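Q: Please take a close look at the sheets in this model and at what packs on them. I would like one connected account rather than a list.

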Amino acid sequence: MSERIDDVESVAVVAFDRSLDTAAEIADELGGAEREVDVLEYHADVFADGWGTYDCFVGVMASGIAIRKVADLLEDKWTDPAVVVVDTGVTWAIPLVGGHHGGNRIARELAALGATPVVTTATETAEEPNAEPAVETRAAALNARIVTPDSTVATNSAALSGKLGPVVRIDGPRAVLVDDSVTVLERGAQTAGERDGVVIGTGCVSGAGAEAFLDAWRDALDRTQYGLEDVEFVATGTLKQDEEGLREAAAEFGVGVVTFDRETLLEHEGPTPSKSRELVGWPGIAESSAIAGGREGELLVEKTSYGGEVTVAIAR
């Protein structure tokens, strides 16, 4: 099974004989080069037999059937597979368990078949104006694992009320003493021979549109040997965390957004002088956020301004 929080590398689509055609259509949509999808005909022990083998089950059936069959199998949200149910008309896709652990992602992917994702995860549906992303969402963007899972009740409650704040980067060797309400994220280690990913650091003027970000990011990537598939996430400062255009562009790119506070960016300030240092006390956001986000902190593309709206830097 996958080690990343919202990665879904294996899916079992479970359906009764009468719905196997629908299951095959779902499997075709969810399958891909990096994901194995099996279609399983329903029988009494189908969930139990595959439990621990798949990252996610998609049941083409009534929610009550799936709930009764998986209830006794559930042990820990950090290790249990996600379970999503879909009606036979593919009208609704409902994550029953494991929303942050792949269920919400699969439900949203099924929107391509016309299904409406019914997402009930609090940190993804909160209407509070100051609500922040859940720690699971942040960990997924960083390709990180949560070392202290029991802490997420407290930290996600803080995120709902907008009191959690940004991720703080600490580089070792260091010894850190934390209490049980601190969520520790450990970045995933590179495997032998794996190509380093890159981080796009970006700043902008207020109100910059999504297309301005997309055009700038694509151009900056074209100046490197890296492509969109190599982008780990987009990084910026908390000063720009509410920019709708940035969020929309990142969603279009299919990557997460990670924000860093002023102190972290000051510690990773880039080489290009910035007027914002004198005006608002912040370093140049594009370079400093790219360096702070990169595994090696190596700047590949220095700050470049596009149309006076968006600035971009790239680091690894």
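In what order do the strands of the open sheet of six strands run, and what kind of pairing does this sheet have?

A: The model is a predicted one, and the description below should be read with that in mind.

The six strands of this open sheet follow the order 2-1-3-4-5-6, and their pairing is mixed. Its edges are taken by strand 2 (36–41) and strand 6 (116–117); each has a single partner strand, so one side of each has no neighbour in the sheet. Within the sheet, strand 4 (residues 82–86) and strand 5 (residues 92–97) run antiparallel and are joined by four bridges. Opposite Val 83 stands Val 97, in strand 5. Packed on this sheet is helix 4 (residues 99–109), which touches strand 1 (10–15), strand 3 (56–60), strand 4, strand 5 and strand 6. The direction of helix 4 makes about 175° with that of strand 5.

To place the sheet in the chain, the domain assignment is of use. That assignment gives domain 1 (10–120), domain 2 (135–187) and domain 3 (198–315). Between the C-alpha centres of domain 1 and domain 3 the distance is 36 Å.

There is also an open sheet of five strands, with the order 11-10-9-13-12 and mixed pairing. Strand 11 (256–260) and strand 12 (299–306) stand at the edges of this five-stranded sheet, and each has a single partner strand, so one side of each is left without a neighbour there. On average, neighbouring strands of this sheet are turned by 25° against each other, direction ignored. Strand 9 (residues 198–204) runs parallel to strand 10 (residues 231–237), and four bridges join the two. One residue of strand 10, Ala 235, is the bridge partner of Gly 201.

Helix 9 (residues 244–253) packs on the five-stranded sheet and touches strand 9, strand 10 and strand 11, with its direction at about 135° to that of strand 11. Helix 12 packs on this sheet as well, in contact with strand 9, strand 10, strand 11, strand 12 and strand 13 (310–315). Its direction makes about 155° with that of strand 9.

Helix 12 leads on to a pocket. Helix 12 (285–293), helix 6 (135–141) and strand 8 (185–187) are the elements that each give two or more residues to the lining of the second largest pocket. Strand 8 supplies the largest share, three residues. The pocket holds about 830 Å³ of space and is lined by 26 residues, with Val 167, Val 168, Arg 169, Ile 170 and Leu 185 nearest its centre. By class, the lining comprises 15 nonpolar, five polar and six charged residues. Domain 2 and domain 3 each contribute at least three residues to this lining.

Methods. Residues numbered from 1 in each chain as written. Predicted model: local features only at pLDDT ≥ 70, side-chain atom pairs only at ≥ 80, totals over all residues. Heavy atoms only, no water. 1 Å grid on protein atoms, 1.4 Å probe; cavity = no way out; pocket = protein on both sides within 12 Å on 5 of 7 lines; lining within 4 Å. Points joined across faces, edges and corners; volume = space filled by probe spheres on them. Nonpolar A, V, L, I, M, F, W, Y, C, P; charged D, E, K, R; others polar. Domains from an automatic or database assignment. Pairing = 2+ DSSP bridges. Contact = heavy atoms within 4.5 Å. Axes fitted to C-alpha atoms, helices over the stretch in contact; angles between N-to-C directions.
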